[in-house]
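The following exercises concern a single protein chain. Work through each task with the structure in view before reading the solution.

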Amino acid sequence: FSARFPLVLYAGEIYMRQHDPYTRFVIHTLEQEGLEVVRGPISEWMDYVAHLSGERKGGLARLVGKTFLSWADRWATRLFQEITKDRQLLPSPETVLSRIEEADIFSRHITGESPLSIGLFFEFLEGRLRSREDGPEICGYFHVGPFTCMQEGVATAIMNDLARERRRRSPDALVPVVHAFFGDSPNPNLKAEIAAFREQVYLKSALSRRKVS
């Protein structure tokens, strides 16, 4: 199916983004606002762990891990091909880690979830996240994490710096992003943040379509 609404990437802490009750079903709120959500898959974390293990062990261990994950991806693709046939998978952890390291943003040697969140945000800033190669651009980044999570706290700080730098260099740049934290101290004004986020996403989507046409 083609995108009926502007696309938003739903990323962040690996377990939280898969457990909707903990986020008070915020993904449903985004959909009610007329946004189509692309949820980061659990396989991203498996791929990342296998990549780290391969870098440390090398050789046969890395080959076996990559072969298994490749088979799992093909199996899942066949299983859901009617639903996801025009949806491109997100860049691999290996790709996003290499790019943020080349850009001198973060080191791959600092492991955990923060490099994945930062790497995908950098891909988003560079306009490299799309539903498929020639499909609609992902126009918003919705980042979730527990309030006390150090990994997502580090990611948030660096992502905010990247967004500020992008706006400094390009004052008209649109960077629709929400950092939504849940747990003991959830965002007190999340509903208002989502409303503003929606308007920015729709504007960015309209500008993106205008560029393509």
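**Exercise 1. The loop before the first helix**

Task: Determine where Phe25 lies in the chain, and describe its backbone and its accessibility.

Solution.
Step 1. Note that the model is a predicted one. In this model, Phe25 belongs to the loop between E1 and H1.
Step 2. Consider the backbone. Phe25 is not a glycine, yet its phi is positive, about 55°.
Step 3. Consider the accessibility. The relative accessible area of Phe25 is 38%. Partly exposed covers the range between 20% and 50%, so Phe25 counts as partly exposed.
Step 4. Turn to Arg24, which is found in the loop between strand E1 (7-12) and helix H1 (26-32). Its phi is also positive, near 55°, and Arg24 is likewise a residue other than glycine.
Step 5. Arg24 has 60% relative accessibility and therefore counts as exposed, the limit for this class being over 50%.

**Exercise 2. The chain as a whole**

Task: State how many helices and strands the chain has, and give the order of its elements.

Solution.
Step 1. The chain contains eight helices and four strands.
Step 2. Read from the N terminus on, the order of elements is β-α-β-α-α-α-α-α-β-α-β-α.
Step 3. The chain has 213 residues, and 42% of them count as buried.
Step 4. Among contacts with a separation of 6 or more, 71% are between residues 24 or more positions apart.

**Exercise 3. Two helices in contact**

Task: Decide whether H6 and H7 are roughly parallel or roughly antiparallel, and describe their contact.

Solution.
Step 1. Helix H6 spans residues 114-125 and helix H7 spans residues 150-169; their axes come within 8 Å and cross at roughly 20°.
Step 2. Angles under 35 degrees count as roughly parallel. H6 and H7 are therefore roughly parallel to each other.
Step 3. The crossing of the two helices, H6 and H7, is right-handed.
Step 4. Identify the residues that meet. On the H6 side they include Ile118, Phe121 and Leu125, and on the H7 side they include Ala155, Ile158 and Leu162.
Step 5. Sorted by class, the contact of H6 with H7 comprises ten nonpolar, three polar and two charged residues.

**Exercise 4. Aromatic pairs**

Task: Explain how Trp45 and Tyr48 are placed in helix H2, and classify the aromatic pair that they form.

Solution.
Step 1. Rings count as a pair if their centres lie within 6.5 Å. By this rule there are six aromatic pairs.
Step 2. The rings of Trp45 and Tyr48 form one such pair, with 5.4 Å centre to centre and 45° between the planes; the pair is tilted.
Step 3. Trp45 and Tyr48 are three residues apart in helix H2 (residues 43-57), so they are separated by about one helical turn.
Step 4. Compare the accessibility of each residue. Trp45 counts as partly exposed, at 22% relative accessibility, whereas Tyr48 is buried, with a relative accessible area of 1%.
Step 5. Consider another tilted pair, Phe121 and Phe124, with 5.9 Å centre to centre and 45° between the planes. Both residues, Phe121 and Phe124, lie in helix H6, three residues apart, about one turn of the helix. Phe121 and Phe124 are both buried.
Step 6. Finally, Tyr10, Phe142 and Phe197 are linked into a cluster by ring pairs.

Technical notes
Residues numbered from 1 in each chain as written. Predicted model: local features only at pLDDT ≥ 70, side-chain atom pairs only at ≥ 80, totals over all residues. Heavy atoms only, no water. Axes fitted to C-alpha atoms, helices over the stretch in contact; angles between N-to-C directions. Parallel < 35°, antiparallel > 145°, perpendicular 65-115°, else oblique. Left-handed = near helix turned anticlockwise from the far one by under 90°. Contact = heavy atoms within 4.5 Å. Nonpolar A, V, L, I, M, F, W, Y, C, P; charged D, E, K, R; others polar. Phe/Tyr/Trp six-rings, centres within 6.5 Å; stacked < 30°, edge-to-face > 60°. Buried < 20%, exposed > 50% of the residue type's maximum accessible area, 1.4 Å probe, protein only.
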